[in-house]
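The following exercises concern helix packing, helix geometry and backbone angles in one protein model. Each task is followed by a worked solution.

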Amino acid sequence: MAFQLLSALAVVVASQVVNAAITRRVACPDGVNSATNAACCALFAIRDDIQENLFDGGECGEEVHESLRLTFHDAIGISRSKDVGGGADGSMIIFSDIETAFHANGGIDDIVDAQSPFIAKHNITAGDFIQFAGAIGVSNCSGAPRLDFFLGRPEATKPAADMTVPEPFDTVDSILARFADAGAFTPAEVVALLASHTIAAADHVDPSIPGTPFDSTPSVFDTQFFIETQLRGTLFPGTGGNQGEVESPLHGEIRLQSDSELARDSRTACEWQSMVNNQAKMQAAFKAAMLKLSVLGHNIEDMVDCSELIPEPPTLTKAATFPAGFSHADVEQACATTPFPTLSSDPGPVTSVAPVPPS
């Protein structure tokens, strides 16, 4: 009996020692914060600065949308088959005079210019800042997953190559091939990354209507994007005939040709549909794919996990619905093996997200 008691006590003590080692924190030089790794301490001041002065006090607005876009455009410019680019290395900012001129990067100079002063102010590489700012920004959006952030990207030494960022007028074949070449992304992971379009907008596809969103809830990280891309398109929100644009179902909403085709291609349609009203799946898939994207060109084993610095995003409570005026009859069914989920329709007049003209 005594031996059994001593054995049990030994197990408890060993467990406490292990738990203490796991939870041991380092006091940061600011005298306020602590971290599991001292290298993460400098990020507290950067986080507070960008939340207040880049993201307008923690809003899920235009700067968040553009910062998330920048994480992708900076990281994807790498190849497994050719010696080009360095992945998520900050080359979009370090070599901004070259990369912002690429056609696929149209309009990205605005967020490059907005982020550059923060990099100059704080002791952080451009590659780390781009991915950190993207993760912090996304945390301001209701329904978003809490993204991971690993620190330790060296400065870029060369610009990415042109034609490495997919365009909205590219074919599904070329888009899937580009993602596979950049980081062995599967078609399912491509769909997961496109969840970013739930809080995105287009500035240059139709220059007459900059800032036009891809779904009806552009400040909420929800599955409306996956629903609305599968509704039958009937109109253009601005001028028709723009390269990379197809008809959308809603006034004030723009639909990319690439999104439309990926939602209907046999390789991706069922995965696309599986996101509808499945917030947990979309969050988990996006989080995993974003981590993979954010460390392209680097060995994650050589980096420091500072994910604890990323705030927990606000919870989303509203279930997915068809926009008012739409129903299952408007769905262009593309998945051959699973029926489209049953959804209710919002009440009221037909949904429009077009700006209301001043009176």
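Ala 184 is partly exposed, with a relative accessible area of 35%; buried means under 20% relative accessible area, exposed over 50%, and partly exposed in between (1.4 Å probe, protein chains only). The model is predicted: local features need pLDDT of at least 70, side-chain atom pairs count only at pLDDT 80 or more, and totals for chains, interfaces and linings use all residues. Residues are numbered from 1 along each chain as its sequence is written, and side-chain values use heavy atoms, with hydrogens and water left out.

**Exercise 1. Determine where Ala 184 lies and what is notable about its phi.**

Step 1. Ala 184 belongs to the loop between H8 and helix H9 (187-193); helices (H or I, at least four residues) and strands (E, at least two) are DSSP runs, numbered from the N terminus.
Step 2. Its phi is near 55°, a positive value in a residue other than glycine.
Step 3. Most residues other than glycine have a negative phi.

**Exercise 2. Compare the expected and actual reach of H8, then identify its buried residues and their packing partners.**

Step 1. The expected span of a helix is 1.5 Å times one less than its number of residues.
Step 2. For the 12 residues of H8 this gives 16 Å, and the reach from first to last C-alpha, 17 Å, is close to that.
Step 3. Buried in H8 are Val 172, Ile 175, Leu 176, Arg 178, Phe 179, Asp 181, Ala 182 and Gly 183.
Step 4. These buried residues pack against H3, H9, helix H11 (257-262) and H13, where contact means heavy atoms within 4.5 Å.

**Exercise 3. Classify the packing of H3 against H13.**

Step 1. Axes are lines fitted to C-alpha atoms, for helices over the stretch in contact, and angles run from 0 to 180 degrees between N-to-C directions.
Step 2. Helix H3 (residues 62-75) and helix H13 (residues 279-294) have axes 10 Å apart, at an angle of about 45°.
Step 3. H3 is therefore oblique to H13; angles under 35 degrees count as roughly parallel, over 145 as roughly antiparallel, 65 to 115 as roughly perpendicular and the rest as oblique.
Step 4. From H3, Leu 68, Thr 71, Phe 72 and Ala 75 meet Phe 286, Met 290 and Leu 293 of H13.
Step 5. By class, this contact of H3 with H13 has 6 nonpolar, 1 polar and no charged residues; Ala, Val, Leu, Ile, Met, Phe, Trp, Tyr, Cys and Pro count as nonpolar, Asp, Glu, Lys and Arg as charged, and the others, Gly among them, as polar.

**Exercise 4. Classify the packing of H3 against H6.**

Step 1. The axes of H3 and H6 are 10 Å apart and meet at an angle of about 95°.
Step 2. The two helices, H3 and H6, are therefore roughly perpendicular to each other.
Step 3. Glu 63, Glu 66, Ser 67 and Leu 70 in H3 touch Ile 111, Val 112 and Gln 115 in H6.
Step 4. The residues of this contact of H3 with H6 divide into 3 nonpolar, 2 polar and 2 charged.

**Exercise 5. Locate the bend in H6 and state which of its residues are buried.**

Step 1. H6 bends by about 25° at Gln 115, the bend being the angle between axes fitted to the seven residues ending there and the seven starting there.
Step 2. A proline, Pro 117, follows within four residues.
Step 3. Ile 111, Val 112, Gln 115, Phe 118 and Ile 119 are buried in H6.
Step 4. Their cover includes helix H2 (42-53), H3 and helix H7 (126-138).
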